[in-house]
Amino acid sequence: MPFLSRPAIRWSVLIALWAVVGAVLWIGLVQLFLLALNPFCHAQLPGVAKVQVVSVDRNPDSQITDFATVKHHDAERVLNLSKAEAAELRPEDEVWILDAWYADGLRPTQFRLTLLRVLLEYPVLLLLPAAWGLWRVRRAKQVADAAPPPPVRRVFTDDFHLRAQRFAKPAAEKKDPPRDTEDS
């Protein structure tokens with residue numbers, strides 16, 4: 001029996017996958033809600049770039065973000081990073097940067113490239129493995145529900161009695177002699 005064909009495992013996997021889908025939809029709705037409330041927001045192309053840090057500067061107007069001046073190819077750019085990520089950077093460091101899909105003045109516009117950050121900024125990417133998992137579970141259920149193949153018919157012969165016939169008396173001797181009846 002395949003792993004996903006067991007009902008308890010199949011239901012556990014289904015619940016986990018639908019929880020992922022629900023979380024992705026919730027994060028997407030929250031992001032859209034925050035975008036709708038922010039009039040200074042504008043969309044930008046998402047991107048990934050390997051940059052070299054030139055300097056890290058404090059942003060006196062924000063308690064959330066700091067500036068980092070970086071060199072990308074031959075051009076210099078000023079990134080708007082979170083204070084924690086900017087504090088980790090040193091001049092001459094080479095880091096991978098992820099650009100958010102929208103820019104506003106409230107939150108960082110660029111982030112250090114990590115798997116967690118990609119999933120938080122672009123949660124829709126999680127729907128692809130979730131859809132694949134739901135397809136696999138559905139396929140396993142179809143296999144489990146399919147009619148089982150006809151059973152293999154096995155005939156067991158009882159040779160115990162046949163072997164015991166070796167010790168039987170011949171048929172002529174088997175006849176019981178007549179009993180004597182007492183006449184009184």
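**Exercise 1.** Which side chains meet in a salt bridge of 2.6 Å, N to O?

*Solution.* The model is predicted, so local features need pLDDT of at least 70 and side-chain atom pairs count only at pLDDT 80 or more, while totals for chains, interfaces and linings use all residues. Residues are numbered from 1 along each chain as its sequence is written, and side-chain values use heavy atoms, with hydrogens and water left out.

Step 1. Apply the criterion: a salt bridge is a side-chain nitrogen of Lys or Arg within 4 Å of a carboxyl oxygen of Asp or Glu. The pair sought is Glu121 and Arg107, joined at 2.6 Å, N to O.

Step 2. Locate the two residues. Glu121 lies in helix H3 (residues 115-121) and Arg107 in the loop between strand E6 (102-103) and E7, so the pair ties together parts that are 14 residues apart in sequence. Helices (H or I, at least four residues) and strands (E, at least two) are DSSP runs, numbered from the N terminus.

Step 3. Describe their surroundings. Both Glu121 and Arg107 are buried; buried means under 20% relative accessible area, exposed over 50%, and partly exposed in between (1.4 Å probe, protein chains only). Arg107 and Glu121 also belong to a network of salt bridges together with Arg117.

**Exercise 2.** Determine which elements are tied together by the salt bridges of Arg77 and Arg112.

*Solution.* Step 1. Arg77 pairs with Asp99, with 3.1 Å between the closest N and O atoms. Because Arg77 lies in strand E4 and Asp99 in strand E5, this bridge ties together parts 22 residues apart in sequence. Arg77 is partly exposed at 25%, whereas Asp99 is buried at 12% relative accessibility.

Step 2. Arg112 pairs with Glu88, the closest N and O atoms being 3.4 Å apart. Arg112 is in strand E7 (residues 110-112) and Glu88 in helix H2, so the parts joined are 24 residues apart in sequence. Arg112 counts as partly exposed at 26%, and Glu88 as exposed at 52%.

Step 3. Place these bridges in the whole: the structure holds seven salt bridges.

**Exercise 3.** How many aromatic pairs does a search of the whole structure find?

*Solution.* Step 1. The search finds one pair. The ring centres of Trp101 and Tyr102 are 4.8 Å apart and the planes stand at 70 degrees, so the pair is edge-to-face.

Step 2. Check the cut-offs: rings of Phe, Tyr and Trp (its six-membered ring) pair if their centres lie within 6.5 Å, and planes under 30 degrees apart count as stacked, over 60 as edge-to-face and the rest as tilted.

Step 3. Compare exposure: Trp101 is partly exposed at 23%, while Tyr102 is buried at 5%.

**Exercise 4.** Why is the chain described as more spread out than a compact globule?

*Solution.* Step 1. Count the elements: the chain has six helices and seven strands.

Step 2. The radius of gyration is 39 Å, well over the 16 Å that the globule rule gives for 184 residues, so the chain is more spread out than a compact globule. This radius is taken over C-alpha atoms, and the rule is 2.2 Å times the number of residues to the power 0.38.

Step 3. Add the dimensions: along its principal axes, the C-alpha trace spans about 135 × 40 × 30 Å. Buried residues make up 27% of the 184 residues.
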